[in-house]
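Colleague: Can you walk me through this one? I'm new to it.

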Amino acid sequence: MPSTIRTTKLPSGEAVQVLGQGTWKMGEDIGRRTDEVNALKLGLDLGITLIDTAEMYASGGAEEVVAEAISGRRDKTFLVSKVLPSNASRAGVRRACENSLKRLRTDRIDLYLLHWPGSVPLTETVAAFESLKKAGKIRHWGVSNFDTDEMEELVGLPDGGNVQTNQVLYNLVRRGLEFDLAPWSRQRGIPLMAYSPVEQGALARNARLDAVAARHNATPAQIALAWVMHQEGVIAIPKASSQEHVRQNVAALDIKLTPQDIADLDRAFPPPARKRGLEMI
């Protein structure tokens with residue numbers, strides 16, 4: 001276990017860990033539930049207190065897995081969940097949040113995100129988020145899968161500047177956002193939350209990571225994760241369904257990438273030279 005877990009700050013000033021626990025695809029198979037719960041519990045035991053989930057994941061099943069994992073230690077957990085754009089109206093957000101709270105067995109969500117841009121006007125969604133904040137149902141709100149132009153629109157709205165994060169697809173093979181979204185976000189102090197930081201496991205089998213991994217006596221997956229956490233103002237939320245996977249993710253916090261490592265990774269996975277549309281999976 002690392003002696004200290006690095007943090008970054010939300011615009012509110014609250015510190016959040018740069019490594020969290022993702023739950024995408026959890027809750028889909030009852031036969032895996034015990035392993036999923038135990039993996040999340042071990043992460044908490046090892047000090048990784050940020051857990052990310054969503055109403056969409058297993059149609060609420062992932063939130064129920066999280067509820068079981070955090071039972072008895074809710075106050076030591078930073079909970080992130082998401083509302084679907086189809087539920088993003090004022091009444092829909094309120095209803096979706098209440099349903100998530102019931103599944104999570106808690107009275108508040110620490111960070112509540114709009115899962116991706118939809119057809120409901122952002123002004124209505126933001127107003128709903130602000131209402132939930134006033135009611136104590138959520139502490140902060142943010143968005144997910146927003147590109148730079150969408151973030152520009154958001155922060156120009158009344159109370160839109162209260163956005164705390166943007167959760168996006170980001171890893172060594174998905175670097176397009178570095179051209180504009182990442183610098184735009186850093187300039188405004190809005191951290192990015194990187195989902196699929198190991199490209200759903202694909203980077204664990206990528207030979208281009210082998211040389212750097214060997215220098216650190218690490219796995220390619222750990223190098224891929226360490227690279228994401230090395231980026232300024234980025235929070236990585238890998239999913240781990242086994243306890244060994246959790247331990248490997250936590251151990252990646254201790255990997256200190258050198259300038260040579262970064263240069264080698266940039267050659268193997270070049271940063272973007274032009275604007276690309278924001279990728280999603």
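**Helix α2 and beyond**

Modeller: Start with helix α2, residues 61-70: 8 of its 10 residues are buried, so the helix is largely enclosed by the rest of the structure. Buried means under 20% relative accessible area, exposed over 50%, partly exposed in between (1.4 Å probe, protein chains only). Helices (H or I, at least four residues) and strands (E, at least two) are DSSP runs, numbered from the N terminus. This is a predicted model, where local features need pLDDT of at least 70, side-chain atom pairs count only at pLDDT 80 or more, and totals for chains, interfaces and linings use all residues. Residues are numbered from 1 along each chain as its sequence is written, and side-chain values use heavy atoms, with hydrogens and water left out.

Colleague: Which residues of α2 are buried?

Modeller: G61, A62, E63, V65, V66, A67, A69 and I70.

Colleague: And what do they pack against?

Modeller: The buried residues of α2 pack against α1 (33-45), β3 (50-52), β4 (78-83) and α3 (90-104).

Colleague: What follows α2?

Modeller: G72, with a positive phi near 90 degrees.

Colleague: New topic. Is L101 buried or exposed?

Modeller: L101 is buried, at 5% relative accessible area. L101 sits in helix α3.

Colleague: What is L101 in contact with, leaving aside neighbours within four places in sequence?

Modeller: T106, D107, R108, I109 and K137. Contact means heavy atoms within 4.5 Å.

Colleague: Now pockets. What volume does the largest pocket have?

Modeller: About 550 Å³. Of the 30 residues that line that pocket, W24, S196, Q200, P238 and K239 are the closest to its centre. On a 1 Å grid over the protein atoms alone, a pocket is an open set of points with protein on both sides within 12 Å along at least five of seven lines, a cavity is a set where a 1.4 Å probe fits but cannot get out, and lining residues have an atom within 4 Å of a point. Grid points are joined across faces, edges and corners, and a volume is the space filled by probe spheres set on the points.

Colleague: Which element gives the largest share of that pocket's lining?

Modeller: α9, with 3 residues.

Colleague: How many cavities of 30 Å³ or more are there?

Modeller: The count is 2. The largest cavity has a volume of about 100 Å³. The second largest cavity holds about 40 Å³.

Colleague: What lines the second largest cavity?

Modeller: L169, R174, G176, L177, G277, L278 and E279.
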